[in-house]
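Student: I would like to learn how to read a protein model carefully, feature by feature. Could we go through one together?

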Amino acid sequence: MIENSILGIMRVLGGFVASLILAYPMALAGDGTQPNIVFLLADDLGGSDLRCYGHPYSRTPNIDSLARDGTRFTQFYATGATCCPARTGLMTSRFPATFAVYPEAGGFAKHLTITELLEKHGYATGHFGKWHIGPNESPGTYGIHEINSRAGNRRSRLSRPVRRSDPRGRDAGVYDDAIAFIERHKDTPFYVNVWGHISHHPVDPVEPLVERWRDLTVKQRDFSPPMQDKFKAIRKAGGDVDDAMRRYLADVESLDDSVGRLLAKLDALGLRENTIVVFNTDQGAAMNETDRGGDRMTLMGYNGPFRGGKHTHLEGGIRVPWIIRWPGHVPAGRVDHESVLSGVDWLPTLCRITGITIRAADFHGEDTSAAWLGKAPHVRTKPLFWRTSNPNAESFMRADRWKLLLPSRTWAGSLELYDIVADPTESTNLANTRPEVVKRLAPHLTAWVNSLPTSYIKDKEE
């Protein structure tokens with residue numbers, strides 16, 4: 001009882017302090033200049049596909065350098081298990097299931113986006129690469145001055161990845177566009193989304209990139225148990241695990257090459273010190289498509305020890321890399337294992353850093369700048385929620401160390417509770433042994449579900 005009372009007081013005080021911070025923001029650049037912001041978002045990259053996140057083979061020295069020169073977070077959550085929902089949370093600081101019209105089909109309605117807020121605050125804004133956040137991608141949408149998804153006209157709304165013949169890799173053109181944008185706006189504050197297609201299906205890199213990996217032989221013992229199931233599925237479908245891994249890692253390495261070119265351009269322009277660079281991926285790697293054969297067998301993304309992947313709200317589907325570099329502000333070489341962060345925090349945190357006034361109650365995320373800057377781990381005052389845009393789907397909640405699953409009202413299933421700190425692989429359901437936790441959390445998750453739309457207008461998910 002005493003512990004619960006103390007936690008309750010801390011949450012109230014935390015919310016009060018957060019409200020004060022957001023009501024009276026201040027820019028944190030130190031010299032009065034606004035920091036530039038470069039947001040690098042990969043597509044379906046596994047939570048452990050980067051070398052700095054534990055992959056035994058991948059070569060990602062440029063992305064790893066962001067972790068070496070900045071801070072790497074290990075408890076960051078995407079706001080959705082597919083492409084559009086994850087992007088929705090990042091852009092709006094709102095949980096995707098709260099939109100009655102699926103944003104891919106209807107956009108963000110009247111909800112503010114981070115790009116609109118920054119544009120009104122004097123930032124040049126750009127978006128290059130995958131869109132998947134609404135039917136209109138013309139300049140000016142969401143306050144974005146320059147947009148190029150590099151998709152064909154008929155398919156531009158979804159911005160699906162296509163096979164490319166660029167010898168540098170399929171995202172090289174996206175990074176070319178972003179680099180050109182940075183060069184054009186080097187003398188003014190800028191924000192740019194660099195949202196590549198790697199490693200979304202189809203993973204089909206050109207042969208010279210694959211040739212770099214010709215000597216790789218997969219040792220199954222180097223990977224966690226969930227990955228063993230993927231290996232078995234590939235072999236059952238008649239595939240070659242070694243070849244599939246070579247092609248996948250070649251695709252990822254080409255992304256790292258492009259990141260390296262962009263980072264080198266920031267250095268050449270003298271922008272390194274005053275530029276926030278973030279690397280993220282929209283959700284975990286697909287874990288259940290390799291048995292479909294063909295080029296699906298090259299989907300060798302690795303989610304480390306976590307169960308599940310894309311299309312699931314298990315940790316493998318929503319727990320993803322989050323790396324921040326901002327020299328002189330974000331501590332170098334630090335790994336934050338304690339802070340629980342989410343895509344919905346992107347908007348309020350950037351507003352705090354850039355001095356933009358917002359009303360905290362209008363957004364689902366929180367200001368996590370103290371964790372970014374290494375001042376203190378972030379302790380959430382608001383739970384995190386997930387549900388697909390389906391009124392009959394199961395729902396999830398992360399609060400404190402606990403993750404609660406509320407089964408669908410119409411589908412078979414049971415309540416599940418996991419201690420994510422002690423059991424990040426979600427192997428032991430504690431719903432029956434910790435009923436007091438269920439009793440405390442379930443009303444909040446139920447209330448959230450009851451607040452959601454009872455029907456949705458949707459378009460296809462990716």
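Student: How much accessible surface does the protein have, and what share of it belongs to carbon and sulfur atoms?

Tutor: Please keep in mind that this is a predicted model. The accessible surface of the protein comes to about 18100 Å², and carbon and sulfur atoms contribute 54% of that area. Of the 462 residues in the protein, 59% are buried. As for the secondary structure, there are 13 helices and 14 strands, and among the contacts with a separation of 6 or more, 73% join residues that lie 24 or more positions apart.

Student: How should I read a sheet, and what is the order of the strands in the open sheet of 8 strands?

Tutor: The order tells you which strands lie side by side, and the ends of the list give the edges. Here the 8 strands follow the order 5-4-6-1-7-8-2-9, with mixed pairing. Strand 5 and strand 9 (334-336) are at the edges, and each has a single partner strand, so one side of each lacks a neighbour in the sheet. On average, neighbouring strands of this sheet are turned by 10 degrees against each other, direction ignored.

Student: Which strands pair with strand 1, and in which sense, parallel or antiparallel?

Tutor: Strand 1 is joined to strand 7 (residues 275-281) by 7 bridges, and the two run parallel; within this pairing, Ala-42 has Thr-281 of strand 7 as its bridge partner. Strand 1 also pairs with strand 6 (residues 190-195), again in the parallel sense, over 5 bridges, and there Val-38 stands opposite Val-192 of strand 6. For an antiparallel case in the mixed sheet, look at strand 2 (residues 71-73) and strand 8 (residues 322-325), which are joined by 3 bridges, with Arg-72 standing opposite Ile-323 of strand 8.

Student: How do I tell whether the two faces of strand 1 are covered or open?

Tutor: In a regular strand the side chains alternate between the two faces of the sheet. For strand 1, Asn-36, Val-38, Leu-40 and Ala-42 lie on one side, Ile-37, Phe-39 and Leu-41 lie on the other, and every one of these residues is buried, which leaves both faces covered. Since 7 of the 7 residues of strand 1 (residues 36-42) are buried, this strand is largely enclosed by the rest of the structure. Helix 2 (residues 61-69) lies across strand 1, strand 2, strand 7 and strand 8, and runs at about 65 degrees to strand 8.

Student: What does Val-278 touch, leaving aside residues up to four places away in sequence?

Tutor: Val-278 is placed in strand 7, and at a relative accessibility of 0% it counts as buried. Its contacts include Val-38, Phe-39 and Leu-40, as well as Trp-322, Ile-323, Ile-324 and Trp-346. From Val-278 to Trp-326 there are 48 residues in sequence, yet their C-alpha atoms are 8.9 Å apart in space.

Student: How is a helix to be read, and which residues of helix 6 are buried?

Tutor: An α-helix has 3.6 residues a turn, so residues three or four places apart point the same way. Helix 6 (residues 172-184) has 13 residues and spans 18 Å from its first C-alpha to its last, close to the expected 18 Å. Its buried residues are Ala-172, Gly-173, Val-174, Tyr-175, Asp-177, Ala-178, Ile-179, Phe-181 and Ile-182, and their cover includes strand 1, strand 4 (124-129), strand 5 (146-148), strand 6 and helix 9 (241-268).

Student: What is the strand order in the open sheet of 4 strands, and how do its strands pair?

Tutor: This sheet has the order 11-12-13-14, with antiparallel pairing. Strand 11 (384-386) and strand 14 (416-419) form the edges, each with a single partner strand, so each has one side without a neighbour in the sheet. From one strand to the next, the twist averages 15 degrees. Strand 12 (residues 395-399) and strand 13 (residues 402-406) pair over 5 bridges, with Ser-395 partnered by Leu-406 of strand 13. Helix 13 (residues 435-450) packs on this sheet, touching strand 11, strand 12, strand 13 and strand 14.

Student: How many disulfides does the structure hold?

Tutor: A disulfide is a covalent bond between the sulfur atoms of two cysteines. The structure holds 0 disulfides. Cys-83, for instance, is in none, and the nearest cysteine sulfur, that of Cys-84, is 8.6 Å away. Cys-83 is buried, with a relative accessible area of 0%.

How values were computed
Residues are numbered from 1 along each chain as its sequence is written. This is a predicted model: local features need pLDDT of at least 70, side-chain atom pairs count only at pLDDT 80 or more; totals for chains, interfaces and linings use all residues. Side-chain values use heavy atoms; hydrogens and water are left out. Buried means under 20% relative accessible area, exposed over 50%, partly exposed in between (1.4 Å probe, protein chains only). Contact means heavy atoms within 4.5 Å. Accessible areas come from the Shrake-Rupley method with a 1.4 Å probe; for residues, only the protein chains shown count as cover. Two strands pair if DSSP finds at least two bridges between them. A disulfide is a pair of cysteine sulfur atoms within 2.5 Å. The expected span of a helix is 1.5 Å times one less than its number of residues. Axes are lines fitted to C-alpha atoms, for helices over the stretch in contact, and angles run from 0 to 180 degrees between N-to-C directions.
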